[in-house]
Amino acid sequence: MTVKQEYDPDAYPDKTLYLPGPTEVREDVLAAMNEPMFGHRSERMTDLYTTIVEDTKAFLGTDDDVIVLSASGTEFMESAILNTVDERVLCTTCGSFSERQAAVAERLGKDVDTLSYEWGEAVDPEDVRARLEAAEAGGAGDSDATYDAVTAVMNETSTGVRNPIEEIADVVADYPDTLFVVDAISALGGDLVDLQAHRIDVLFTSVQKAFAMPPGLSVCVVSDAAYDREVAKDSASWYGGFQRSLDYYDRKGQTHSTPAIPLMLAYRKQMKHMLAEGHEARDRRHREMAEYTRNWARDHFDLFAAEGYRSQTVSCIENSRGIDVAATIEAVDERYDMVFSNGYGSKLSERTFRIGHMGEHDVESVRALTDAIEDVAGL
């Protein structure tokens, strides 16, 4: 039975976060949340919300619509299925979060087929093509037999796999009645995706990952095809509805429901930082951190994700030396006030550990963590 544990902010020392999210947040971004409160139907709110939406489009380099919603990314994981899938969906799975996407679709009563891979492996675009071809052939022209959507996770946080979503998008684009839905929660903002060159119909993220924000907002990019699909459906998500969100934005320049105003003030500040750095430069900095971490892992351990499909924001490191992962994490926390993560769930908790190199970190700050791990583990 859970009992109350009184929160005392003075009881906890500050820690530097190298988790797969949340991650470090700039001081001026945190301070931006301290503006006086104002009405969410005021002109000031319109100025704030239109700023963050249009700045997000500019940063991502997309002409598609963008929704910024007060919710976790799980809201769009669910609503994307509700808004785009009538009957059948093909869910590609290669780790815990892609498996969750399939579980959500099943919970929503959809006819779910899975294209599954061992944890640590990546989705093969040609396997997706084969499934889509088979569905089309098996349907013999019956549109109900084809897939309404294909889902994929860009960055499988549990395994450190970066799926080739651009190549998968190009495959799905050959099947115009099938939409492509991408969970980019632990990657977007730290791993550049050319949304103009590849047709991704729904792409969503949470801001506490590579956007380096406090948790509480989710961002979704929506294509015209995804919007039109929802409009034509008999039912869709209410809170996470594309039509409801985007039509309200077109009319009012605001959110349809009460937003987390302080978080949106912080988002405005952080997005200005991200625009100043530039998407390509931010991508390059994350790539440098990933390369450093991978080289360090090869020198001392091994990498869990398959070669050529390794995340640019989260490294999942194989515990090839058999260190006590939990004890090492605890000692680094106590001695250095740095926090990194064990492997995900019972499958990987001691078999791997994970370092989040995302957001405002750089190679030097990641090196500080790896030096601490070397010291504690006696490497």
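This passage describes the overall form of a predicted model, followed by one helix and two individual residues.

The protein chain contains 13 helices and 15 strands. Its C-alpha trace extends over about 65 × 50 × 50 Å along the principal axes. The radius of gyration of the chain is 21 Å; because a compact globule of 379 residues would have a value near 21 Å, the chain agrees with that expectation. Of the 379 residues, 57% are buried. Among contacts with a separation of 6 or more, 71% are between residues 24 or more positions apart, so a contact in this set counts towards that share when its two residues have heavy atoms within 4.5 Å and lie at least that far apart in sequence.

The accessible surface of the protein chain amounts to about 15900 Å², and carbon and sulfur atoms contribute 45% of this area. Charged side chains comprise 36 positive and 70 negative groups. The centres of these two sets are 3 Å apart.

Helix H6, formed by residues 165-172, is mostly covered, with six of its eight residues buried. The buried positions are Ile165, Glu166, Ile168, Ala169, Val171 and Val172. In general, residues three or four places apart in an α-helix point the same way, because there are 3.6 residues a turn.

Thr205 is located in strand S9, which covers residues 202-206. The relative accessible area of Thr205 is 0%, and this residue is therefore classed as buried, the cut-off being under 20%. Two backbone oxygens are reached by the side chain of Thr205: that of Ala184 at 3.2 Å and that of Ile185 at 3.1 Å. When neighbours within four places in sequence are left aside, Thr205 is in contact with Ala184 and Ile185, and also with Gly73, Leu188, Phe211, Ser218 and Val219.

Tyr336 belongs to helix H11, which consists of residues 325-336. With a relative accessible area of 34%, Tyr336 is partly exposed, because this value falls between the limits of 20% and 50%. The side chain of Tyr336 makes a polar contact with the side chain of Asp375 at 2.5 Å. Outside its neighbours within four places in sequence, the contacts of Tyr336 are with Ala331, Ala372, Asp375 and Val376. Of these partners, Val376 is 40 residues from Tyr336 in sequence, and the C-alpha atoms of the two residues are 9.8 Å apart in space.

Key
Residues numbered from 1 in each chain as written. Predicted model: local features only at pLDDT ≥ 70, side-chain atom pairs only at ≥ 80, totals over all residues. Heavy atoms only, no water. Helix = DSSP H or I, 4+ residues; strand = E, 2+ residues; numbered from the N terminus. Rg over C-alpha atoms; globule rule 2.2 N^0.38 Å. Buried < 20%, exposed > 50% of the residue type's maximum accessible area, 1.4 Å probe, protein only. Areas by Shrake-Rupley, 256 points an atom, 1.4 Å probe, with all protein chains shown as cover. Lys, Arg positive; Asp, Glu negative; His and termini not counted. Charge placed at Lys NZ, Arg CZ, Asp CG, Glu CD. Polar contact = N/O pair within 3.5 Å; in protein donor to acceptor, adjacent residues only side chain to side chain.
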